[in-house]
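Work through the exercises below with the sequence and the 3D structure at hand. Try each task before reading its solution.

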Amino acid sequence: MDSGINTSSRLNPQARCPLQRNFLPKNTSKENPERFIPNRSAMDFDYAHFQLTEGRNEKDEATKVRSSPSREAYRKQLAETMNLNRTRILAFRNKPQAPVQLLPREHSVYSLYQQPKSVKPRRYIPQNCERALDAPDIVDDFYLNLLDWGSANVLAIALGRTVYLWDASNGSVSELVTVDEDMGPVTSINWAQDGLNLAVGLDNSEVQLWDSVASRKVRTLKGGHQSRVGSLAWNNHILTTGGMDGKIINNDVRVRSHVVKTYRGHTLEVCGLKWSESGQHLASGGNDNLVNVWEHSTRRSLHRFEEHTSAVKALAWCPFQSGLLATGGGGEDRTIKFWNTRTGACLNSVDTGSQVCSLIWSKKERELLSSHGFTQNQLTLWKYPSMVKMAELNGHTSRVLYMSQSPDGCTVASAAGDETLRLWNVFGVPEDAKKAAPKAVPQPFSNVNRIR
Amino acid sequence: MASKTVAAKDIITLHGSAAIVSEFFCYAANSILYNRAVYPEESFVKVKKYGLPMLLIEDESVKSFMSNLTSQISEWLEAGKLQRVVLVIMSKATGEVLERWNFRIETDNEVVDKGVSREKSDKEIMREIQAIMRQVASSVTYLPCLDETCVFDVLAYTDTDVAVPFTWIESDPKLIANPQMVKLHGFDTKIHKVDTLVSYKNDEWDEEE
């Protein structure tokens with residue numbers, strides 16, 4: 001459909017001759033989505049011809065204020081809405097100072113560095129996994145989160161009722177715990193931000209907290225949920241748990257009566273749970289196809305996104321653009337959607353062709369990695385924001401349900417029902433970390449732009 | 001072909017046209033900021049441009065913001081990817097959008113693709129821009145008073161395939177609900193055609209139609 005901004009033709013008889021009386025019955029500009037069905041007998045060909053030829057007037061006269069501004073406005077409004085899918089709306093990141101007094105800027109987290117628009121050499125993304133480890137008895141359930149790579153560079157994976165720890169630096173494996181049969185299989189694991197404490201969610205609705213260094217259980221959180229705890233997310237001393245009962249509970253792990261807050265926003269299992277980098281917002285995705293964004297303090301959700309048509313387990317907050325959330329839908333939906341959580345607007349929606357099980361943003365480049373199921377079971381690396389596919393990594397023979405990123409941001413671990421855990425050097429090799437440092441191109445006023 | 005009053009015609013290249021448009025935008029934005037009293041009068045300095053006394057803001061952060069903006073706009077114009085630029089004036093306290101100055105840009109794609117140049121008299125373009133600047137200055141007569149402290153922001157509408165530099169972020173359009181719109185003059189460099197439109201929030205005092 002025409003975008004409304006037709007740059008090649010200047011033919012717009014109405015616009016070019018504002019002093020002429022408008023005989024044409026209705027606004028037949030290209031922006032009008034209704035079809036114009038010509039009625040030959042009613043048309044005045046002579047006049048139409050005159051209008052058309054006269055309209056090709058070189059002197060593109062300044063268009064004065066219209067006699068019918070509302071029509072013009074309607075056209076513009078329509079064009080704007082039509083354009084929404086073809087147009088990207090950008091705002092400059094570093095806003096100028098407000099008049100009179102200094103206004104604290106939210107964007108002050110990132111300093112401005114002037115990067116020249118040079119083409120960076122494309123890095124080589126290995127098509128095969130760097131390593132494949134055995135993961136027998138891993139539960140093949142879409143709604144669980146059985147893999148997490150902690151900041152101490154230890155990867156925790158739950159296979160059946162046992163939690164194993166794999167030390168990435170030396171490759172050693174140790175068993176942390178095997179829970180009793182009545183507690184059921186482990187349904188979720190998540191490292192705390194310190195990388196030493198591990199939260200283990202169980203099928204019987206309890207959550208155990210383990211000290212991985214001492215290999216001992218610190219605490220058990222009971223009584224919060226009524227059914228299995230499928231998703232976990234840490235925010236300092238708060239452990240947020242999402243259950244099959246649809247409840248999301250903030251647990252303060254230091255306090256005896258640990259239930260601090262309960263968010264009720266989902267009617268079915270909460271399978272995706274992620275705190276934003278700042279710890280201010282919590283995104284939750286459920287089997288009820290909803291995505292909710294919660295604020296730390298409020299009871300009702302800040303935003304409720306209903307656009308997905310399948311369970312949303314894949315959630316990822318963008319590290320380089322605050323407020324940007326990426327969500328991925330399951331088997332019926334297969335799309336990745338981007339949201340501006342400040343305004344609640346959906347910025348983009350991309351059909352991936354396959355259920356999206358997990359999403360990870362690159363910490364180094366503007367890239368997004370998604371893991372998929374039927375039929376390819378691939379990991380797809382997208383360039384953001386163009387959403388061009390940079391690489392497709394194949395290897396798994398079953399849907400890639402679990403994915404986690406290494407603390408240095410270079411490697412991604414993925415696990416699937418095919419009982420393998422694969423490591424991919426998709427985001428680069430550790431040496432690249434130095435190259436990714438920004439190069440400041442000296443430009444006038446560039447020193448002014450650093451906001452402290 | 002309608003004859004022009006000026007005899008000489010100058011050759012305009014894509015680069016030149018982009019420079020004209022981005023420069024125009026810089027001066028227009030400054031003029032809007034002055035006329036709408038977004039920044040106090042004292043912070044502006046007079047310069048001569050387009051045959052008129054134009055005002056430019058002295059404030060460093062705004063100046064650098066503008067210069068970054070104009071260089072980026074110029075780049076996008078040369079690539080033919082820019083569709084419009086919108087200057088948004090918002091209330092500082094509530095963040096509500098009060099005014100939107102919409103500069104719609106139509107690019108002659110043939111020039112972008114093939115690199116040909118066009119002819120138009122420089123004076124003619126300057127006259128057209130002058131007309132717009134005068135209109136902006138006189139707009140204060142019908143635009144509602146901005147009593148509260150305001151801040152401004154600039155949005156760029158680009159094609160989806162444009163590479164977003166690190167310094168720009170995605171934004172929503174910051175539209176005004178039920179706006180009043182006034183179309184101003186536009187100008188044309190034969191390569192880029194710029195239309196100006198201001199939409200503003202309905203003044204509650206304005207009861208009579």
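The exercises concern a predicted model and deal with confidence, two sheets, a repeat annotation and a helix pair.

**Exercise 1.** State what the mean pLDDT of chain A is, and find where it stays under 50.

Solution. Step 1: chain A has a mean pLDDT of 79, and 73% of its residues reach 70 or more. Step 2: residues 1-18 of chain A stay under 50. For this stretch the model has 39 contacts beyond four places in sequence. Step 3: residues 20-30 of chain A are also below 50, with 19 contacts beyond near neighbours in sequence.

**Exercise 2.** Give the strand order of the open sheet that contains β8 of chain A, and explain why one side of each edge strand is left without a neighbour.

Solution. Step 1: the order is β7-β8-β9-β10 in chain A, with antiparallel pairing. Step 2: β7 (186-191) and β10 (216-221) of chain A are at the edges; each has a single partner strand, so one side of each has no neighbour in the sheet. Step 3: from one strand to the next, the twist averages 20°. Step 4: inside the sheet, β8 (residues 197-202) and β9 (residues 207-211) of chain A are joined by five bridges. One residue pair to locate is N197(A) with its bridge partner D211(A) in β9(A).

**Exercise 3.** Describe the open sheet that contains β27 of chain A, then turn to the repeat annotation over residues 393-426.

Solution. Step 1: four strands of chain A follow the order β2-β29-β28-β27, and their pairing is antiparallel. Step 2: β2 (131-134) and β27 (402-405) of chain A are the edge strands, each pairing on one side only. Step 3: β27(A) is joined by four bridges to β28 (residues 412-415) of chain A; S404(A) stands opposite A413(A) in β28(A). Step 4: the unreviewed UniProt entry annotates "repeat: WD" at several places in chain A, including residues 393-426. Over that stretch chain A is 0% helix and 41% strand, and its end C-alpha atoms lie 9 Å apart.

**Exercise 4.** Describe how helices α1 and α2 of chain B pack.

Solution. Step 1: two numbers are needed, since a packed pair of helices is described by the angle between the axes and the distance between them. Step 2: for α1 (residues 14-35) and α2 (residues 60-79) of chain B, the angle is about 150° and the axes are 9 Å apart. Step 3: α1(B) passes α2(B) in a right-handed crossing. Step 4: the residues in contact include F25(B) and L33(B) from α1(B), and M66(B) and I73(B) from α2(B). Step 5: the contact residues divide into 13 nonpolar, five polar and one charged.

Notes: Residues are numbered from 1 along each chain as its sequence is written. Chains are lettered from A and ligands numbered from 1 in the order in which they are written. This is a predicted model: local features need pLDDT of at least 70, side-chain atom pairs count only at pLDDT 80 or more; totals for chains, interfaces and linings use all residues. Side-chain values use heavy atoms; hydrogens and water are left out. UniProt positions are given in the numbering used here, feature names are shortened, and annotations may be inferred rather than shown by experiment. Helices (H or I, at least four residues) and strands (E, at least two) are DSSP runs, numbered from the N terminus. Axes are lines fitted to C-alpha atoms, for helices over the stretch in contact, and angles run from 0 to 180 degrees between N-to-C directions. A crossing is left-handed if the near helix is turned anticlockwise from the far one by less than a right angle, and right-handed if clockwise. Contact means heavy atoms within 4.5 Å. Ala, Val, Leu, Ile, Met, Phe, Trp, Tyr, Cys and Pro count as nonpolar, Asp, Glu, Lys and Arg as charged, and the others, Gly among them, as polar. Two strands pair if DSSP finds at least two bridges between them. pLDDT is the predictor's confidence in each residue, from 0 to 100.
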